[in-house]
Amino acid sequence: MTNKEFCFCIERLQRNDMRGLSALYEEYFQKIKFHALSFTKDTQSAYDIAMNVMVKMIDFDGDPNQIKNHVAYLMAIAKNESLNFIKHNLRNTQINFEICNGTQFDENTLWLNDILDTLNEEEREVFVSHCIWGINLRDIAKQRQKSYPTIIRIYTSIKNKIKDIYN
C-alpha cells in the first residue's frame, strides 16, 4: 500500500466509511501484531495491541496527508502501544505469570517466537523492519544511522541464526 492509498483509507474512516478500515486491516493487522509480539512475547497481548492500533487509526482526527511515511508511523504506534501495554501490566498486580515469562504461545506463531528469542535487540529490530514491514535494508541503514554494510552484516547474522534454529 502506498502512502497515498493509506491516507485515502484514513480519510474514508474519517467519513465513517468502514471500507477504509477493511483495507488497512488486511494490509497491516498481521504486521502490527507481529511487531507487538516482538515486545510482548505473548500472542493474545500482541493481538490486543494490534486492535488498539486499529482503533487509533479509526479515531485519527488530524490531516492524514501530513503523514509522510505511513509504515514508520504505524511502526511507532505499534511500538508505543506495546510499551504502554507492558508498563500497564507491570503495574497490574493481577498479571498472569505465564504472560510475563512469555510461555503462552499460539502454535501459529511459534516459529516467530523461536526466531525472536534467538536474536539480540538490534537484530530483532532489523528483522521486524525488513521481514515483517518490508523495509529495504538501505532504508533501515538510513533510519538507524548506520552504514549499509553494517546492516548487511546484521542481516547476515540473522539469517545464520535462523538457519541454526531449523537445521
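A contact means heavy atoms within 4.5 Å. This is a predicted model, in which local features need pLDDT of at least 70 and side-chain atom pairs count only at pLDDT 80 or more, while totals for chains, interfaces and linings use all residues. Residues are numbered from 1 along each chain as its sequence is written, and side-chain values use heavy atoms, with hydrogens and water left out.

**Figure 1. The whole chain, with nine helices and zero strands.** Helices (H or I, at least four residues) and strands (E, at least two) are DSSP runs, numbered from the N terminus. Along the sequence the pattern reads α-α-α-α-α-α-α-α-α. Among contacts with a separation of 6 or more, 64% are between residues 24 or more positions apart. The chain has 167 residues, and 39% of them count as buried. Buried means under 20% relative accessible area, exposed means over 50%, and partly exposed is in between (1.4 Å probe, protein chains only). The exposed area of the chain is about 9700 Å², of which carbon and sulfur atoms supply 50%. Accessible areas come from the Shrake-Rupley method with a 1.4 Å probe, and for residues only the protein chains shown count as cover.

**Figure 2. Helix α7, residues 121–132.** The expected span of a helix is 1.5 Å times one less than its number of residues. For the twelve residues of α7 this gives 16 Å, and the end C-alpha atoms are 15 Å apart, which agrees. The buried residues of α7 are E123, V126, F127, V128, S129 and I132. An α-helix has 3.6 residues a turn, so residues three or four places apart point the same way. At the start of α7, a side-chain oxygen of N120 comes to within 3.1 Å of the backbone nitrogen of E122. After α7 comes G134, with a positive phi near 75 degrees.

**Figure 3. The aromatic pair of F29 and Y47.** Rings of Phe, Tyr and Trp (its six-membered ring) pair if their centres lie within 6.5 Å; planes under 30 degrees apart count as stacked, over 60 as edge-to-face and the rest as tilted. The structure holds six aromatic pairs. In one of them, F29 and Y47 are edge-to-face, with 5.4 Å from centre to centre and 70 degrees between the planes. F29 belongs to helix α2 (residues 19–40) and Y47 to helix α3 (residues 43–59), so the pair links distant parts of the chain, 18 residues apart. F29 is buried at a relative accessible area of 3%, whereas Y47 is partly exposed at 34%.

**Figure 4. The aromatic pair of F60 and Y73.** The rings of F60 and Y73 are edge-to-face, 6.1 Å centre to centre, with 85 degrees between the planes. F60 lies in the loop between α3 and α4 (70–91) and Y73 lies in helix α4, so the pair ties together parts that are 13 residues apart in sequence. F60 counts as buried at 17% relative accessibility, and Y73 counts as partly exposed at 26%. Both residues belong to a cluster that ring pairs form from F6, Y28, F60, Y73 and W133.

**Figure 5. R138 over the face of Y148.** A charge sits over a ring if NZ of Lys or CZ of Arg is within 6 Å of the ring centre and within 35 degrees of the ring normal. R138 is 3.9 Å from the ring centre of Y148.

**Figure 6. Positive phi at K41 and Q145.** K41, a residue other than glycine, has a phi near 60 degrees. K41 is placed in the loop between α2 and α3 and is buried, with a relative accessible area of 18%. Q145 is not a glycine either, and its phi is about 55 degrees. The loop that holds Q145 runs between α8 (137–144) and α9 (148–166). Q145 counts as exposed at 75% relative accessibility.

**Figure 7. E81 and the residues it touches.** E81 lies in helix α4 and is buried, with a relative accessible area of 12%. Leaving out residues up to four places away in sequence, E81 touches I49, N52, V53 and K56.

**Figure 8. K4 and K68.** K4 is part of helix α1 (residues 3–14) and counts as exposed at 72% relative accessibility. K4 and K68 are 64 residues apart along the chain, and 9.1 Å separates their C-alpha atoms.

Note on methods:
Polar contact = N/O pair within 3.5 Å; in protein donor to acceptor, adjacent residues only side chain to side chain.
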